[in-house]
Amino acid sequence: MNCAALVERQRAYFRSHATRPLEFRRARLRELQAAIETRERELLEALQADLHKPPQEAYASELGMVLGEIRHTVRCLPNWMKPRRGHLPLLTLPGRASVQPDPYGVALIVGPWNYPFQLLFTPLVGCIAAGNCACLKPSELAPHTSAVAAKLIRATFSEEYIAVVEGGREAAEALLEQRFDTLFFTGSPGVGRSVMAAAAKHLTPVTLELGGKSPCIVCDDSPLEITARRIVWGKTMNAGQTCVAPDYLLVDRSIRAPLVAAMARAIGAFYGPDPLSSPDYGRIVNRWHFDRLAAYLPQGHIAHGGRTSASELYIEPTILTDVPLTAPVMEEEIFGPILPVIDFTDFEETLAFLRDRPSPLALYLFTKDQRTRQRLAAETRSGGICVNDTVVHLLGKDLPFGGVGESGMGAYHGRASFACFTHSKPVVERSLWGDPGWRYPPFRRAFGSFKRVYQWMLGR
Ligand code: NAD
């Protein structure tokens, strides 16, 4: 693949202005919707082959999310695309101002393997809606989904508009040498740094959707059964390979034992006594990640689970207690179905603990107490907060989703996706009528009088 030639062709197509009209954008989004619906079975099979995703989970977290995003975007796009009127001070009257949403041009979207369809196509929806061309790089670690995604895109769009480049690190690096107009990357913080360094060469703006350890705090007033179910659900979907999965628990010591017991019951209720034979439980993506996760198991006391099968890439949902804070499982992003449970006795200390750690993508809190919720929101930094549930804050149509600090920069979903792929361009139009001379040299007004007139003319 000649990446330079591909980007040049896309840039020429963008410069033809074909991608700008509202009706063009909506028509392409509807075509994308139809293409996904037509290939639903193929996509679900690919997700099953790559990650053993059950169809219900794959639909809810991958296809269904993208289709919902398309419907919402098609409906709201006329409103989002309207130029916004801007205020002008007396100094610039007569005249008028607007803020015009301008597509960047040619975007590169690089996706990860854990939600290999959704995390490539949700940004694509925003990219098309904003009037850009796009080059997609799916993850090589979900090869079946990558192949179906490439087939779907090639059958639906011309390559000069939307292209797919399959492959691994080399393919990504070859693409990153090119001059794109914006970059959208989802993946690990380490690779995110390389992407940002590559973007710096061309001063290309970046959105980085990264990962990290998302803590989940459980206070002693939280009802055990529903709390346990919601934590286990967020932790075990896709076998824990979810960027916003609760990474570890911070639990009030007085309820630690009953909460662990309730979570063990929830795991049993979801996946039966032997999750290996459950059709609803996923697998680890590859042997390298399996070995990495298996090495965490001896780093604490296994309160529940702990069984593994290398040949099946299977790790049982596992709860670890008595884990030292310096153990690798508490220092690295787990990204698998292993849940360390750390006790706390004092909420102040918990806040201090969170403040000392890198800003997570998500922060979870289970409590009925309004003041505790407000303090967490006001005194900690994270991509987002979800109280009394896990993961569902991703589903709000117009809630921006993204990280801060170590967990990333920029946000998307709904209107935020449109903004993410748009440059907000102010356009000021002045009349040629009337031209008071006081602003031009030579300055005749005394300095004090000049300042007063200037502030009055600025309206400030
Ligand atoms: P990764 O960083 O290894 O790979 C992501 C993509 O980057 C892949 O397409 C890969 O081919 C490509 N890549 C690899 N090396 C590259 C390089 N040197 N330069 C440019 N691109 C390169 O991430 P992953 O293992 O696929 O995904 C797991 C990570 O992603 C976790 O940290 C997880 O938390 C994070 N994640 C974040 C979100 C989010 O929305 N914030 C969502 C899913 C995953």
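Analyst: A residue is called buried when its relative accessible area is under 20%, exposed when it is over 50%, and partly exposed in between. The model discussed here is predicted.

User: Why does Tyr-161 count as buried?

Analyst: Its relative accessibility is 2%. The limit for buried is under 20%, so Tyr-161 counts as buried.

User: And what makes Phe-157 count as buried?

Analyst: The relative accessibility of Phe-157 is 6%. That value also falls under 20%, so Phe-157 is buried too.

User: Why is the pair of Phe-157 and Tyr-161 called edge-to-face?

Analyst: Two numbers decide it. The ring centres are 5.6 Å apart, and rings pair if their centres lie within 6.5 Å. The planes stand at 85°, and an angle over 60 degrees counts as edge-to-face. The pair is therefore edge-to-face. It comes from a search of the whole structure that finds 16 aromatic pairs.

User: Which residues do ring pairs link into a cluster with Phe-157 and Tyr-161?

Analyst: Tyr-13 and Phe-24 are linked with them through ring pairs.

User: How do you know that Arg-28 lies over the face of Phe-24?

Analyst: Arg-28 is placed at 4.6 Å from the ring centre of Phe-24. The limit is 6 Å from the ring centre for CZ of Arg, together with a position within 35 degrees of the ring normal. Arg-28 is listed as lying over the ring face.

User: Which residues touch the most other members of the largest nonpolar core?

Analyst: They are Leu-32, Ile-36, Phe-121, Leu-124, Ile-217 and Met-263, in a core of 131 residues. Helix H4, residues 55-81, gives the most to this core, with 11 residues. At least three core residues come from each of domain 1 (3-210) and domain 2 (215-399).

User: What does Phe-121 touch, not counting residues up to four places away in sequence?

Analyst: Phe-121 touches Leu-32 and Ile-36, along with Val-66, Ala-149, Leu-152 and Ile-153. A second core, separate from the largest one, has five residues, including Leu-51, Trp-113, Val-285 and Phe-335.

User: Why do you say that the buried residues of H11 line one face of the helix?

Analyst: The buried residues in H11 (287-294) are His-289, Phe-290, Arg-292 and Leu-293. Viewed down the helix axis, they fall within an arc of 165°, so they line one face. Their cover includes strand E11 (308-309), strand E12 (314-315) and strand E14 (338-344).

User: Why is Leu-313 called partly exposed?

Analyst: Its relative accessible area is 22%. Buried requires under 20% and exposed requires over 50%, so Leu-313 is partly exposed. The residue is located in the loop between E11 and E12. Its phi is near 50°, a positive value in a residue other than glycine.

User: What makes Asp-322 exposed?

Analyst: The relative accessible area of Asp-322 is 52%. Exposed means over 50%, so Asp-322 is exposed. Its loop runs between strand E13 (318-321) and helix H12 (328-331). Asp-322 also has a positive phi, near 55°, and is not glycine.

User: Why does Pro-215 count as buried?

Analyst: Pro-215 has 2% relative accessibility. Set against the limit of under 20%, that value makes Pro-215 buried. The residue belongs to strand E8, residues 215-218. Leaving aside neighbours within four places in sequence, it is in contact with Tyr-248, Leu-250, Leu-354, Pro-360, Ala-362, Leu-363 and Tyr-364.

User: Where are the prolines that follow a cis peptide bond, Pro-94 and Pro-442?

Analyst: The bond from Leu-93 to Pro-94 is cis, with omega near -5°, and Pro-94 is in the loop between strand E1 (84-86) and strand E2 (95-103). The bond joining Pro-441 and Pro-442 is also cis, with omega about 0°. Pro-442 lies in the loop between strand E18 (422-430) and helix H16 (447-458).

User: How many helices and strands does the protein chain have?

Analyst: The chain has 16 helices and 18 strands. Of its 460 residues, 54% count as buried.

Definitions and conventions:
Residues numbered from 1 in each chain as written. Predicted model: local features only at pLDDT ≥ 70, side-chain atom pairs only at ≥ 80, totals over all residues. Heavy atoms only, no water. Phe/Tyr/Trp six-rings, centres within 6.5 Å; stacked < 30°, edge-to-face > 60°. Buried < 20%, exposed > 50% of the residue type's maximum accessible area, 1.4 Å probe, protein only. Core = buried A, V, L, I, M, F, W, Y, C linked by side-chain atoms within 4.5 Å. Helix = DSSP H or I, 4+ residues; strand = E, 2+ residues; numbered from the N terminus. Domains from an automatic or database assignment. Contact = heavy atoms within 4.5 Å. Arc of directions from axis to C-beta.
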